Amino acid sequence: MARITVNNQRLDVDAAPDTPLLWVLRDHLGMTGTKYGCGMALCGACTVHVDGVAMRSCILPLRMLEGKAVTTIEGLSKDRTHPVQRAWIELDVPQCGYCQSGQIMSAAALLKSNPRPSDAEIDAAMAGNICRCGTYLRIRKAIHRATELLPPPDPQS
Amino acid sequence: LSAPSANSSRRDFCKRAAAAGGGLVLAMTLPAFGGRSRSRAPAAGGQLNAWLQVAADNSITVIVDRSEMGQGVYTALPMLLAEELEIDLARINVVAAPVGDAYVNALNGGQITGTSNSVQDAWEKLRIAGATARTMLIAAAAQAWRVDPAQCHARNGMVASAHGKSFSYGDLASVAAKMPVPKDVKLKPKAAFRLIGTSAPRLDTPGKVDGSAEFGLDVKLPGMLYAALAQCPTLGGKAAAVDASRSEIMPGVRRVLSTASGVVVVADHFWQALQARDALRITWEPGANARLDNAAIWGVLEQAAAANQGLVARKDGDAAAALKSAQRTLAAVYELPLLAHATMEPMNCTADVKADRCDLYVGTQVQQMAQEAAAAAAGLKPNQVNVNTTLLGGGFGRRLDVDFVPAAVAASKAVAAPVKLIWTREDDMTHDMYRPPAREQMSAGFDAAGRLAAWKMHIISPSITARFAPAGTDPFDSVVEYAANYPYAVPNFLLTYTRKEIGIDVGYMRSVSHAPNCFVIESFMDELAAAASKSPLDLRLELLARKPRHAAVLKLAAQRAGWGHAPPGRHLGLALMEGYTTYLAQVAEVSVNGGVLKVHKITCVVDCGQMVNPRIVESQIESAIVFGLSAALWGEVTISAGQVRQRNFNSYRLLRSNEVPELDVHLLDSDAPPGGIGEPAVALVAPAICNAIFAATGKRLRSLPIAAHTLG
């Protein structure tokens, strides 16, 4: 039995320690928003945040997650109000939609570290996420739009 | 263990109680999708026709009979109905249609999402359905008010009378459902459209940004088990002996069974099933393909070309005689590789087999075929199989096949529990229904006056259709379709087809015949232009005098792309096509420096007739161009010893965000009937780029992918 923190909830998981986080989320915890695409960290469909950093959950074994905070697409916001989600809706980014959880998690992590990315910075940060439907140009536009929707920087910080 | 989840109560069940007589009577608890509320059963109301249910609480459900795989049918088709029904699009809940006669795509002769014709098939059908329902709702209101229906009108989900009274559709639905079905309803003219032609927001977007959208991979059923499948690495081979002793004792493993598709391991969780599958010791019988490789495939096609003139698919005049008397002739051989679909969601299927029924949950483009395949595997009749279509994580033609269905059904039957069978990426890549290879032999001749006098084209390829529809009688595979639509004016034209099988299954892939044929036709047209010392644009326009829609998109694309004025170091290539009754021209702007190709920009002008939702059209064109770029630059499946060498995205390269060129997509407004948009733009990418490479280097590429050639 392992204890992990997902979307601010501490959860007990009865899975072998080598089980990738992807399958723990999907099959044990019922959170199917995180997708399986390649199993080798090649496509980004399984992207989640671990302690705020975008990681590929398909190659992260459960045993590595002790004491870490995992955020999935289900936990990005309660009601699709994260700026990235709002921008995605405004621009109707998804087509088939299968890769979009991963795209959104990668974009959200990018904006956390770089609130005003250039086109080149977006392309570099998003190059690990494949979209077979080819929504890349809309993703780029939506990330720029999301920067406009970000809350203003905290004057204290 | 089960934990709280945003999605935990989202699975409802679609119950098809009866499909009686000629009409369709449905008693359904309809699952909505995309994170909308679907926990409650619809309140009493009315099923107004096969596509529309209005509940007493005013919730409106539209049943969509085409599969949503990104192309936007869950928005565009409801828009057609909502236009005439006079309702707000955003209020609509969409559910996937069950198998039913009403849901057959008349243009495809089956319940099939393919051929880019969902809107064409629905264009009148769903507007009539909306107008019919609206008329019945008005009739119900008029009856209640004892007034002439002509004094009532419908707007925004309400029927209002001339004297200021109103009913909501929900108030009227149960009565309206019993009103006589009107015949010959009048449809709005284009000028009266308030919804069609607008970029209304997609109905499936919200569920696709919060993880709640349900793909086949996401289906959850009580007591569900998971399965992984071991398929013979050699295409067409099978297991000769299976030693499951190591696997059977692994944690969570419930059953190992041999099926016609391969060896299935069923376990409590997918990761357990996968580990146990990989621990199987299987002796494979590779079968007839043990020595198959690419060289053998190309050799077989070449021999067939020499041995056989082919069946005549189109003949105008006498191409052989015209070639003989031509002043100048040109000949070339083109080759198109095998390709993989590589949908982002690997193949998967969930089955729940009981003694007298089977519930299937699957992302499919062919509901009836899925039903038949499941019935055969379960030992049931087709009408005992209930097909629940999920969202598709990409289709591109891959999900026109149902080869991943029977093993899931067999596993569920064996363990008497619902089973979700998932292919890994490697399973998916190595057991695709590949885009067939083709050899296309070309010759053409100019007469003494310098006019194009003869065009001869011989296509040698395995048949997709012979496997997909074995009962069909058409000897021409769909792979020749676009070549038969050759648009340029030439008095002597001969297109022939030789079917030559290569021992492996091939399937339909986005822009089926158009991608190979357009590459060859548009490349060879450029070769002819060079031979005649004419501009590729001028030669084409000369031969398009009677093709105004072709000529219009070509001229505009050339103009937008700056034809004749390429920036220093940049070179332009163009391609033209009519496909799926849509007219397109593309111009690629490239540079080649030190043998390194860079595609800087693609300009695409599109005349697809009446657009239902321009933003979706634009996104489909962008999508198709990106799809075409991956194929043109790198797409190739290679085989050795009967096994596919590409296994994952590190060996089957797809375009990434940092590799997308600038795209200029320009959509023409048109009153012509709607054309297809999901597929056609794929086809022009490779010829436009290769023509630009010729402009840059003088090197003519007659095979793909471009990466297989040295450009320096």
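Which residues of helix 5 (residues 119–126) of chain A are buried? The first view has the reply, taken from a predicted model in which local features need pLDDT of at least 70, side-chain atom pairs count only at pLDDT 80 or more, and totals for chains, interfaces and linings use all residues. Residues are numbered from 1 along each chain as its sequence is written, chains are lettered from A and ligands numbered from 1 in the order in which they are written, and side-chain values use heavy atoms, leaving out hydrogens and water.

**View 1. The two sides of helix 5 of chain A.** A:I122, A:D123 and A:M126 are the buried ones (under 20% relative accessible area, 1.4 Å probe, protein chains only; exposed is over 50%). They sit on the same side of the helix, because they cover an arc of only 95 degrees around the axis (taken from the directions from the helix axis to the C-beta atoms). Exposed A:A120 and A:A124 are on the face turned away. Helices (H or I, at least four residues) and strands (E, at least two) are DSSP runs, numbered from the N terminus.

**View 2. An open sheet in chain A.** Here 5 strands line up as 2-1-5-3-4, with mixed pairing (strands pair if DSSP finds at least two bridges between them). Strand 2 (9–13) and strand 4 (53–56) are the edges, each pairing on one side only. Strand 1 (residues 2–6) and strand 5 (residues 69–71) of chain A run parallel, joined by 2 bridges.

**View 3. A buried cysteine, B:C518.** Its relative accessibility is 0%. The closest cysteine sulfur, in B:C604, is 11 Å away, so too far for a bond.

Conventions:
Disulfide = S-S within 2.5 Å.
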